[in-house]
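Here are my notes on the model, point by point. Please read them with the structure open.

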Amino acid sequence: MSDRSLRGMRLGSQSMETETGVEPAPRQRVEYRTKGGESVSVMFAAEAEIPPVWTTKTGHEAILVNGEKPENPNEKHVRTHWDMLMERRSSEELEEILQQRLDFYKERHAL
């Protein structure tokens, strides 16, 4: 059986094409830095939009060096129940509804 084995190049594991005449797409290296001083370099395409914040492999948030510092990038405005209620009703309407409910409970518990 050993006289029938294939010798030479491993099939499928190596490309027969050369890299002559192949030009990679234009790229740019962008540097980010965490608050702890950790520096991270990331490669982007030349026409790519660069994000102001990058999450490192360690899970920390790094901010773009020599770029605009974002105002709390992960902070979303939290709408509370009161905020949503005030979008639907005015203070006068709420006072009126409150008075109606108080009158209703007074009548109900007066018995």
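1. Contact here means heavy atoms within 4.5 Å. With that cut-off, and leaving aside neighbours within four places in sequence, Val40 is in contact with Val30, Glu31, Tyr32, Trp54 and Thr56. Keep in mind that this is a predicted model.

2. Start with the sheet. Four strands form it, and it is open. The strand order is β2-β1-β4-β3, with antiparallel pairing. Which strands are at the edges? They are β2 and β3, each of which pairs on one side only. On average, neighbouring strands of this sheet are turned by 40° against each other, direction ignored.

3. Next, the pairing of β1 and β2. These strands run antiparallel to each other, and seven bridges link them. One place to check is Arg27, whose bridge partner in β2 is Ala45.

4. Now the largest nonpolar core. Its seven residues are Val30, Tyr32, Val40, Val42, Phe44, Ala62 and Leu64. Each of β1, β2 and β4 supplies at least two of them. Which strand gives the most to this core? β2 does, with three residues. As background, nonpolar side chains tend to be buried together in soluble globular proteins.

5. The aromatic residues deserve their own look. How many aromatic pairs does the structure hold? There are three. Take Tyr32 and Trp54: the ring centres are 6.0 Å apart and the planes meet at 25°, so this pair is stacked. The cut-off that matters is an angle under 30 degrees. Tyr32 sits in strand β1 (residues 27-34) and Trp54 in strand β3 (residues 53-55), so the pair ties together parts 22 residues apart in sequence.

6. Are Tyr32 and Trp54 alike in burial? What does each one's accessibility say? Tyr32 has 0% relative accessibility, so it counts as buried. Trp54 has 30%, so Trp54 counts as partly exposed. The limit for buried is under 20% relative accessible area.

7. Another aromatic pair is Phe104 with Tyr105. It is edge-to-face, with 5.6 Å centre to centre and 65° between the planes. Phe104 counts as partly exposed because its relative accessibility is 39%. Tyr105, at 38%, counts as partly exposed. Back in the sheet, Tyr32, Phe44 and Trp54 form one aromatic cluster.

8. Glu38 is worth a stop. Where does Glu38 lie? It is in the loop between β1 and β2 (39-45). Its relative accessibility is 30%, so Glu38 counts as partly exposed. Leaving aside neighbours within four places in sequence, Glu38 is in contact with Tyr32, Arg33, Thr56, Thr58 and His60. The side chains of Glu38 and Thr58 are joined by a polar contact of 3.3 Å. Glu38 and Ala62 are 24 residues apart in sequence, yet 8.0 Å apart in space, C-alpha to C-alpha.

9. Last, Thr34. This residue is found in strand β1. Is Thr34 buried or exposed? Its relative accessibility is 10%, so Thr34 counts as buried. Not counting residues up to four places away in sequence, Thr34 touches Thr56, His60, Glu61 and Ala62.

How values were computed
Residues are numbered from 1 along each chain as its sequence is written. This is a predicted model: local features need pLDDT of at least 70, side-chain atom pairs count only at pLDDT 80 or more; totals for chains, interfaces and linings use all residues. Side-chain values use heavy atoms; hydrogens and water are left out. Rings of Phe, Tyr and Trp (its six-membered ring) pair if their centres lie within 6.5 Å; planes under 30 degrees apart count as stacked, over 60 as edge-to-face and the rest as tilted. Helices (H or I, at least four residues) and strands (E, at least two) are DSSP runs, numbered from the N terminus. Buried means under 20% relative accessible area, exposed over 50%, partly exposed in between (1.4 Å probe, protein chains only). A polar contact is a pair of N or O atoms within 3.5 Å; within protein, one must be able to donate a hydrogen and the other to accept it, and residues adjacent in sequence count only if both atoms are side-chain atoms. A nonpolar core is a set of buried Ala, Val, Leu, Ile, Met, Phe, Trp, Tyr and Cys residues joined through side-chain atoms within 4.5 Å. Two strands pair if DSSP finds at least two bridges between them. Axes are lines fitted to C-alpha atoms, for helices over the stretch in contact, and angles run from 0 to 180 degrees between N-to-C directions.
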